[in-house]
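Me: I am new to this structure and would like to understand the words used for it. Please set each value against its definition.

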Amino acid sequence: QVQLVESGGGLVQAGGSLRLSCAASGSIFRIGDMGWYRQAPGTQRELVASIDRDGAPKYSDSVKGRFTISRDYALNVLDLESSSLKADDAAVYYCYAYVYNDQHLNGAGYWGQGTQVTVSS
């Protein structure tokens with residue numbers, strides 16, 4: 001079994017910055033793609049940013065230039081640095097990882113429990 005635990009959410013003023021982290025643990029042979037998603041009330045979960053095994057990042061248009069995704073391969077940690085936060089960025093942020101459990105590359109996608117980001121005006 002694999003656990004993803006997010007941290008770093010909270011209340012921030014508009015224009016401020018926040019750093020989210022996600023630590024993966026458990027039965028991990030290798031981690032493939034990782035990403036951050038978010039879901040605001042009444043909306044569908046949407047991709048914020050992702051990073052593949054080679055470290056190539058992708059960003060949604062809404063956060064491009066303001067958010068930076070990074071990962072630590074040794075510690076199995078995924079980070080999201082956010083800046084110039086807006087009211088529209090308020091949501092529950094979820095960490096996602098595709099984890100290979102063994103050398104035969106059997107794997108599955110896993111989600112964290114989510115961390116709330118609130119942006120005050």
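Reply: A salt bridge is a side-chain nitrogen of Lys or Arg within 4 Å of a carboxyl oxygen of Asp or Glu. This is a predicted model, in which local features need pLDDT of at least 70 and side-chain atom pairs count only at pLDDT 80 or more, while totals for chains, interfaces and linings use all residues. Residues are numbered from 1 along each chain as its sequence is written, and side-chain values use heavy atoms, with hydrogens and water left out.

Me: What makes Asp89 and Arg66 a salt bridge?
Reply: The closest N and O atoms of Asp89 and Arg66 are 2.8 Å apart, and the definition asks for a distance within 4 Å, so the pair qualifies. The pair links distant parts of the chain, with Asp89 in the loop between β8 and β9 (91-100) and Arg66 in the loop between β6 (57-59) and β7, 23 residues apart; strands here are DSSP runs of E with at least two residues, numbered from the N terminus.

Me: Why is Asp89 called buried?
Reply: Buried means under 20% relative accessible area, exposed means over 50%, and partly exposed lies in between (1.4 Å probe, protein chains only). Asp89 has a relative accessible area of 1%, so it counts as buried. Its partner Arg66, at 11%, is buried for the same reason.

Me: Which residues are linked with Asp89 in a network of salt bridges?
Reply: The network joins Asp89 to Arg38, Glu46 and Arg66. In total, the structure holds six salt bridges.

Me: What makes Asp79 and Arg19 a salt bridge?
Reply: Their closest N and O atoms are 2.7 Å apart, which the limit of 4 Å admits. Asp79 lies in strand β8 and Arg19 in strand β3 (residues 18-26), so the pair ties together parts that are 60 residues apart in sequence.

Me: How do you know whether Arg19 is buried or partly exposed?
Reply: The relative accessibility of Arg19 is 40%, which falls between the two cut-offs, so Arg19 is partly exposed. Asp79, by contrast, has 11% and is therefore buried.

Me: Why do β7 and β8 count as paired strands?
Reply: Two strands pair if DSSP finds at least two bridges between them. Six bridges join β7 to strand β8 (residues 77-82), so the condition is met, and the two strands run antiparallel. Thr68 stands opposite Glu81 in β8.

Key. Helices (H or I, at least four residues) and strands (E, at least two) are DSSP runs, numbered from the N terminus.
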